[in-house]
Amino acid sequence: MTDHRPLLGGLNPARFLADHWQKKPLLVKNALPGFTSPISPDELAGLACEEEVESRIVLECDGPQPWALENGPFDEDRFAHLPETHWTLLVQECNKYLPELVTLLEQFNFIPNWRIDDIMVSYAPAHGSVGPHIDQYDVFLIQGLGQRRWQISTDPVADDNVIPGIDLRIMRDFQPTDEWVLEPGDMLYLPPGVAHYGVALDDCMTFSVGFRTPTVSELLTGFLDEIASGLNDRQRYHDPDLPLQTHPGEITAGARTRVRRIIRDAMADNDAIDQWFGRYITESKSGQTAVPPEQPLSTDEFLQQLHATGALWRSEYARFSFIDDGADEITLFVDGQARPLSRALTKPVALLCDRREITAGELGTSLNDEQFGQLLCQLYNSGYIELPKDGEQ
Ligand code: SIN
Ligand code: CO
């Protein structure tokens with residue numbers, strides 16, 4: 001069902017995953033033939049002035065503080081007073097604000113969508129850079145305007161290889177092992193931990209498709225917080241069979257076994273872990289949620305409109321994933337909420353999670369299923385799916 005069609009410069013997805021994903025960098029010249037930025041530098045600056053948009057400016061300076069970081073939202077005025085060269089504006093989650101980027105994201109559907117974080121867009125005049133650094137996540141860097149020279153180093157980076165005393169993690173010492181100049185449509189894939197340094201050669205825009213990699217600490221604390229919140233104070237360590245101890249000062253093997261059992265039992269339920277993870281990984285990280293339509297619809301009204309518009313779009317404000325563990329029901333996760341559904345709906349639910357734009361024709365006879373019709377209507381009334389307006393397709 002998953003459609004791997006227009007893939008990035010003829011890249012073979014299975015080979016990419018086997019040889020490069022999380023392993024080694026890959027340069028793909030002309031990965032997106034004809035790709036140009038759907039947003040101008042001025043429009044990007046406009047976005048960075050909006051309250052709900054996360055943005056930053058990184059400036060390379062003379063003097064004792066070689067780099068400076070400013071966080072948005074910015075006053076329009078700030079852009080009039082920036083130097084001619086040596087700065088970068090970075091705007092996160094641009095896939096939420098630019099519908100054109102949804103088509104770009106679809107090209108990465110050879111990687112599970114719950115792993116994808118966002119598309120960050122940067123603009124830099126000549127010499128603009130954010131300095132040599134490492135990221136903890138995989139990234140595809142796509143050139144959208146002008147030229148950028150990328151240098152990378154596949155050598156390990158020591159924890160203390162950072163410029164001290166600045167708000168950014170920029171490497172003190174960077175010795176490149178490879179170098180390329182990227183032009184619009186070219187793409188560079190970097191696994192986590194590979195040092196990279198991109199410098200704009202002229203007016204330059206870069207589109208970074210970044211990935212979501214929860215830390216082990218986030219996974220453990222997230223899951224355990226949820227378990228703990230379902231417990232009450234009466235559920236405690238108990239030892240009605242306490243034997244007389246030789247050393248009252250000792251934590252005995254029996255006590256240690258009881259404590260280990262409490263902790264292991266709490267983590268033993270695979271289904272509880274899966275359900276928690278589905279909700280956790282589809283939650284919005286920024287806390288921004290979809291906006292419900294002004295006019296909620298009944299299921300019949302919704303289905304009528306879907307047939308009339310011929311397609312539905314998923315909101316970029318909601319993350320969709322599903323789990324099929326072979327049980328009678330599958331679970332659809334949308335924006336941190338779990339919805340158990342009949343196994344008979346696996347095909348349309350998978351389609352809904354796999355793709356961002358779906359035609360009524362592709363949903364086919366599933367639209368006659370009452371439970372599925374109600375589900376789509378609820379998702380629409382919550383703002384998680386949208387119907388294109390006249391002329392938008
Ligand atoms: C940029 O777009 O300038 C920076 C992207 C990155 O290094 O991760
Ligand atoms: Co980076």
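Modeller: A helix here is a DSSP run of H or I with at least four residues, a strand is a run of E with at least two, and both are numbered from the N terminus. The model is predicted: local features need pLDDT of at least 70 and side-chain atom pairs pLDDT 80 or more, while totals for chains, interfaces and linings use all residues. Residues are numbered from 1 along each chain as its sequence is written, chains are lettered from A and ligands numbered from 1 in the order written, and side-chain values use heavy atoms, without hydrogens and water.

Colleague: In which helix is Q305 found?

Modeller: Q305 is in α9, the run covering residues 299–309. By that rule the protein has 12 helices and 17 strands.

Colleague: What makes Q305 buried, exposed or partly exposed?

Modeller: Buried means under 20% relative accessible area, exposed over 50%, and partly exposed in between, using a 1.4 Å probe and protein chains only. Q305 has 35%, so it counts as partly exposed. Its C-alpha atom is 14 Å from that of P293, 12 residues away along the chain. Of the 393 residues of the protein, 44% count as buried.

Colleague: Which residues are called donors of the cobalt ion (ligand 2), and what makes them so?

Modeller: A donor is an N, O or S atom within 2.8 Å of the metal (3.2 Å for Na, K and Ca). H133 (NE2), D135 (OD) and H196 (NE2) lie 2.0 to 2.1 Å from the cobalt ion, so these protein atoms qualify. Water is not among the atoms, so the site may look incomplete. The spacing of the donor residues in sequence is H-x1-D-x60-H.

Colleague: Are H133 and D135 buried or exposed?

Modeller: H133 has a relative accessible area of 12%, so it is buried. D135, at 17%, is buried as well.

Colleague: How do you know that D117 and K285 form a salt bridge?

Modeller: The term needs a side-chain nitrogen of Lys or Arg within 4 Å of a carboxyl oxygen of Asp or Glu. For D117 and K285 the N to O distance is 2.9 Å, so the pair meets the rule. D117 is in strand β5 (residues 116–124) and K285 in the loop between α8 and α9, 168 residues apart. K285 has 58% relative accessible area, so it is exposed. By this rule the count comes to 10 salt bridges.

Colleague: What do the salt bridges of R279 and E316 tie together?

Modeller: R279 pairs with E226, with the closest N and O atoms 2.8 Å apart. Since R279 lies in helix α8 and E226 in helix α6 (residues 216–229), this bridge ties together parts 53 residues apart in sequence. R279 is partly exposed at 23%, and E226 is partly exposed at 30%. E316 pairs with R356 at 2.7 Å between the closest N and O atoms. E316 is in the loop between β12 (311–314) and β13 (320–323) and R356 in the loop between α10 (346–354) and β16 (357–359), so parts 40 residues apart are tied together. Both E316 and R356 are buried.

Colleague: Why are D269, D271, D274 and D325 called a negative surface patch?

Modeller: Patch residues have over 30% relative accessible area and no salt bridge, with like charges joined within 9 Å and nonpolar side chains (Val, Leu, Ile, Met, Phe, Trp, Tyr) within 5 Å. Asp counts as negative, and its charge is placed at CG. D269 has 42%, so it passes the area cut-off, and it is partly exposed. D269 lies in the loop between α7 (253–267) and α8 (270–282).
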